[in-house]
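Student: Please take a close look at a single part of this model, namely the surroundings of one helix in the first chain. I should like one connected account, beginning with the chain as a whole and ending with the packing details.

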Amino acid sequence: MMLEDTLLKLRFNRGDRDALRRIYEKYKDDLLRLAIALLNDVSLAEDVVNDAFVNFTRSVGNLSLRGNLKSFLTTCIVNHARNVSRARQRRSTVGLDQAGQVQSGLKGPEQSAVFNEQYRQLSAAMTELPDEQREIVILHLQSDATFRQIAKLLNISANTAKSRYRYGLGKLRTLMNGELRK
Amino acid sequence: MRPARDTERHIRNVYADGLKVTTGADLDKRVLSNVMETLDELEKKESAAIEPNIWRSIMRSRVAKLAAAAVIIIAVTLGMFEFLGPSSIAWADVVEPLLNARTAVLDIVVGSGGSQMVIHDEMMGSRIRRTVSNVVGTDIIIDLEQQKMLTLDHDGKAATSIELAGLDGVENYLQKLQNLVVRLQESPDFSVENQGPQEIDGAEYIVFVANGDSQTITIWADPETAVPVRVEHRTPNMQIACENMQFDVELDEARFSMEVPEGYGTRDAGIDFKDSSESGFVETLRIWAEIIEDGHFPDGIALEDVVKMGPQFEQGMKRAGLTEEQQIEVATRWGQGYVFIRFFKGQGEWHYAGQGVKQGDGTKPIFWYQPQDSETWRVIYGDLRVEDVAEANLPQ
């Protein structure tokens, strides 16, 4: 797997279009899911995936061959999502429950009422978290990133990552329990 | 309040397991269109910038040396298998000193012009101590009787022992030269021409040129003693010259010891010379194009090309950004696959035409050979597929 990614990066650095296409195909779903979780907005998440890949393409010839490709792309998504999140703070958001109206290409998620309700509650709670806590909770619980990996991705210490996670999770518990009591 | 672990599980259930998302066709089309457009723009603006800019440095790490060991192991077998054929009577007086020599010292020059590579051999009976100009800091000791080879990396204080047993054509090295001459002489199209005296570095020599069996051998000999000082050998795949030949020179027997010197660690060669397969060779070609040659097949794949590519091999590994483990794995796979042509078992010669061919170009044949007992040929194309091809349809 790692060797495949290394060779993909090598070929991409030469401007190989097939390698670029393969990288997109390989990671697009995970990255879109991450972007949706970070932004709670399918349309914006798609924009983030698009912009992240365009920026990634600009690294052709200079992409470091040593690092982990998925981590690199994840960092691109997190950074873009953070910028979008800050820029939209004054704008109204479009949630996943409205996704069908704004994003016809999305084939999921499963449209069960239970899932939608759970997702709505969780998303609502997530929006209450500061960006830096939300990113870590999502990276750890959705993308299975370790605190060490997250620390590297976000350029912070592992202890900082852990404590932000703890605070974020605590706040989510409080918010979600309050939501459930309603 | 639900415990923290429950909250974590709940978030995982919703985000990781429940949120099944696949990008739609519209998004795929949009992203791929945008990234390809971006790539086009970048190529137009600065095509040179796409080339990785790390050719300047040469890897000096311990791992690179370990990886390069595969190249060294292949490279240092040069001259051991080139002169095949049955043992027979020596050809004329000029060959006799070669055959009767107890010891010999000579330089084997591979290639021509500015891209020469020199192997310096000291020979005592069936044993050889060898240095190779492009393989710095390494001595190789070969015992053809024991059928073993020992490489000594003096910088890394490491010894690698390689078994040669079971390989065809491993015989006394001096006999190889003799056999070559005999093979030419016995071929139906054999011809020999005495070209008379010629001068090299102010000294005069008698020159014989023999042709036959698609090969040419030229011998420069002392006109007084008939002792050869230079032998030049051309085959379709290689040009080798033996120069500075001296016979019955005093040599220290200790220099031919197969014992690992004190203070040297041992390394696994990782390559089995008896294990030879077409599929392994295809993998070698893939690694050569993908990692060593930056997307194109090399100009040549003969042993002299291998010997000259040492630094390039290291640079390719570095450029690929492979981990230590991957470098060694890739190098070993490359070396193992190369055994296929190094100790070629097909009929006649193999043919290579990969120069300038981009990896993936399925229209261009890059290598073809005829397996033993086969009426058809195997042809490898630029996309590395292999097909059986009738002789009449072979590439020209």
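Tutor: Accessible areas are obtained here by the Shrake-Rupley method with a 1.4 Å probe. On that basis, chain A exposes about 8,600 Å² of accessible surface, and carbon and sulfur atoms account for 46% of this area. The model is a predicted one.

The chain as a whole provides the setting. Chain A contains nine helices and zero strands, so that its pattern along the sequence reads α-α-α-α-α-α-α-α-α by the assignment of helices and strands from DSSP runs. Of its 182 residues, 54% count as buried. When contacts between residues at least 6 apart in sequence are considered, 68% of them join residues at least 24 apart.

The part chosen for close inspection is helix α4(A), which spans residues 69–87. Its packing against two other helices, α3(A) and α7(A), is described in turn.

With helix α3(A), residues 42–57, the axis of α4(A) makes an angle of about 125 degrees, and the two axes lie 9 Å apart. Because roughly perpendicular pairs end at 115 degrees and roughly antiparallel pairs begin over 145, α3(A) and α4(A) are oblique to each other. Their crossing is right-handed. From α3(A), the contact draws on Leu44(A), Val48(A), Val49(A), Asp51(A), Ala52(A), Phe53(A), Asn55(A) and Phe56(A). From α4(A), it draws on Leu69(A), Phe72(A), Leu73(A), Cys76(A), Ile77(A), His80(A), Ala81(A) and Val84(A). Sorted by class, this contact comprises 13 nonpolar, two polar and one charged residues.

The contact of α4(A) with α7(A) has another composition: two nonpolar, two polar and five charged residues. The axes of α4(A) and α7(A) come within 11 Å and cross at roughly 145 degrees, again in a right-handed crossing. On the side of α4(A), the participants are Thr74(A), Val78(A), Arg82(A), Ser85(A) and Arg86(A). These meet Asp131(A), Arg134(A), Glu135(A) and Leu139(A) of α7(A).

Helix α7(A), residues 131–141, deserves a further remark. Since 10 of its 11 residues are buried, the helix is largely enclosed by the rest of the structure. Its buried residues include Asp131(A), Arg134(A), Glu135(A) and Leu139(A), which are the residues that meet α4(A). The others in the buried group are Gln133(A), Ile136(A), Val137(A), Ile138(A), His140(A) and Leu141(A). Burial in this helix thus takes in charged residues, given that Asp, Glu and Arg belong to that class.

Beyond α7(A), the account ends in the loop that leads to α8(A), residues 147–154, where Asp144(A) is found. Most residues other than glycine have a negative phi. Asp144(A), by contrast, has a positive phi of about 60 degrees although it is not a glycine. The limit for an exposed residue is over 50% relative accessible area, and Asp144(A), at 55%, is therefore exposed.

Note on methods:
Residues are numbered from 1 along each chain as its sequence is written. Chains are lettered from A and ligands numbered from 1 in the order in which they are written. This is a predicted model: local features need pLDDT of at least 70, side-chain atom pairs count only at pLDDT 80 or more; totals for chains, interfaces and linings use all residues. Side-chain values use heavy atoms; hydrogens and water are left out. Helices (H or I, at least four residues) and strands (E, at least two) are DSSP runs, numbered from the N terminus. Buried means under 20% relative accessible area, exposed over 50%, partly exposed in between (1.4 Å probe, protein chains only). Contact means heavy atoms within 4.5 Å. Axes are lines fitted to C-alpha atoms, for helices over the stretch in contact, and angles run from 0 to 180 degrees between N-to-C directions. Angles under 35 degrees count as roughly parallel, over 145 as roughly antiparallel, 65 to 115 as roughly perpendicular and the rest as oblique. A crossing is left-handed if the near helix is turned anticlockwise from the far one by less than a right angle, and right-handed if clockwise.
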